[in-house]
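Here's a model to pick apart. Let's ask of each label what earns it.

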Amino acid sequence: MPAPARQRCHTVLAGLVTLATAAVVSLAAPAPATAADSWTETGSDRADPLTESQGLTSVEIPANSPNHYTGIGTVPIGVSSRGWNHVGDPDASYEGYYVEPYQQDSGTSKMFRVQSPGGTWSEYVHTLGPGEALNNSWVAISPDGQWMLSGEWGTMTRLLVFPTPGENRSTSPQANLPQSATVHLDHAVRDVQGCDFSGPATLLCSSDDPDGSLFGMTKPLLQIDLSAAPGGSADVSGHVTALRQLPLRSSCSGTFEAEGIDYDRRTGVLRVIVISPGFCVLTDSKTYKFSRG
């Protein structure tokens, strides 16, 4: 996902990825109330490059719903024809609202496409605030369903908080979706491709960081412990910890791309998409599975 506006759709880059240590890296900041978790790889599934290459989420309502994925091939023609040609990592609330983040190549807004528990689709548009990046990489809905976090591409020290479109009754498809608050991070993050709540005030995030200078590793799995659960207009702080490097395995050498993330509270399974380099984007891109501990 290249800065500033357009996320890359599996651009093949030359060179070898530098493999760094997978040990937990704790940042120089006061220890959070909740200790950082450790996550052990338990398996993987092939990720289809057209329909499973951008994001994923588990869906609890309706019951027995399959996991939802996003990719180049999941963007409806009626949406892309209006300029919303890139979809990011989605999320679903525990009450059954499903949200997909969209962006366009240029402009002054981003869009969130929402499916209600009854199956009806609607669109909520957010006008960019001063200094806000155009890209719309991911959304993460708070466990209470009322608030939605989103991030910006590049090196950032904040996350954005919105009322959850559709579920929060203050929102309307006919009105601008406003930013309600900000999460101020105690350490910079780079190229975050997805986040998901694993508790009321804890996020797990996948970073596509190609540089490695922020945490001593490229493509890290991050944990962000919030000072409080998001709510209303009150800003909160976030303590960032790098937990491990995401798996970077392929028959091809080159640059991998870390994509969306999902935590399923029913099973405790964490899943992260990693897209393979070169031709292997078609053959061995994976959704990796992890368990805590």
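What follows is a set of questions and answers about this predicted model.

Q: What does the secondary structure of the protein come to?
A: One helix and 20 strands.

Q: How many disulfides does a search of the whole structure find?
A: The search turns up two.

Q: What makes cysteine 195 and cysteine 205 a disulfide?
A: Their sulfur atoms sit 2.0 Å apart, and the cut-off is within 2.5 Å, so the pair qualifies. Cysteine 195 belongs to strand S14 (residues 192-199) and cysteine 205 to strand S15 (residues 202-207), 10 residues apart.

Q: Why is the disulfide of cysteine 195 and cysteine 205 called right-handed?
A: The torsion about its S-S bond is about 110°, so right-handed is the label.

Q: Are cysteine 195 and cysteine 205 buried or exposed, and how do you know?
A: Buried means under 20% relative accessible area. Cysteine 195 has 1%, so it counts as buried. Cysteine 205 comes in at 0%, so cysteine 205 is buried too.

Q: What makes the link between cysteine 252 and cysteine 280 a disulfide?
A: The S to S distance is 2.0 Å; the limit is within 2.5 Å, so this pair passes. Cysteine 252 is in the loop between strand S17 (236-245) and strand S18 (257-264), while cysteine 280 is in the loop between strand S19 (269-275) and strand S20 (286-292). In sequence the two are 28 residues apart.

Q: Why is the disulfide of cysteine 252 and cysteine 280 described as right-handed?
A: The torsion about the S-S bond is about 70°, so the right-handed label applies.

Q: Why does cysteine 280 count as buried?
A: Because its relative accessibility is 3%, and the buried class is under 20%.

Q: What is the pairing when the bonded cysteines are numbered in sequence order?
A: The pairing reads 1-2, 3-4.

Q: How many aromatic pairs does the count come to?
A: Three.

Q: Why is the pair of tyrosine 98 and tryptophan 121 called edge-to-face?
A: The ring centres are 6.0 Å apart, and rings pair within 6.5 Å, so they count as a pair. Their planes meet at 80°, and over 60 is edge-to-face, so that's the name. The pair joins strand S7 (residues 98-103), home of tyrosine 98, to strand S9 (residues 121-127), home of tryptophan 121, 23 residues apart.

Q: How do you know which class of accessibility tyrosine 98 and tryptophan 121 fall into?
A: Tyrosine 98 has a relative accessible area of 5%, under the 20% mark, so it is buried. Tryptophan 121 is at 35%, between 20% and 50%, so it is partly exposed.

Q: What makes the pair of phenylalanine 112 and phenylalanine 162 tilted?
A: The centre to centre distance is 5.7 Å, inside the 6.5 Å limit. The angle between the planes is 55°; stacked needs under 30 and edge-to-face over 60, so tilted is what remains. Phenylalanine 112 lies in strand S8 (residues 109-115) and phenylalanine 162 in strand S12 (residues 155-163), so the pair ties together parts 50 residues apart in sequence. Both phenylalanine 112 and phenylalanine 162 are buried.

Q: Which arginines lie over the face of tryptophan 121 and of tyrosine 94?
A: Arginine 113 lies over tryptophan 121, at 3.7 Å from the ring centre. Arginine 265 lies over tyrosine 94, at 3.5 Å from the ring centre.

Note on methods: Residues numbered from 1 in each chain as written. Predicted model: local features only at pLDDT ≥ 70, side-chain atom pairs only at ≥ 80, totals over all residues. Heavy atoms only, no water. Helix = DSSP H or I, 4+ residues; strand = E, 2+ residues; numbered from the N terminus. Buried < 20%, exposed > 50% of the residue type's maximum accessible area, 1.4 Å probe, protein only. Lys NZ or Arg CZ within 6 Å of the ring centre and 35° of its normal.
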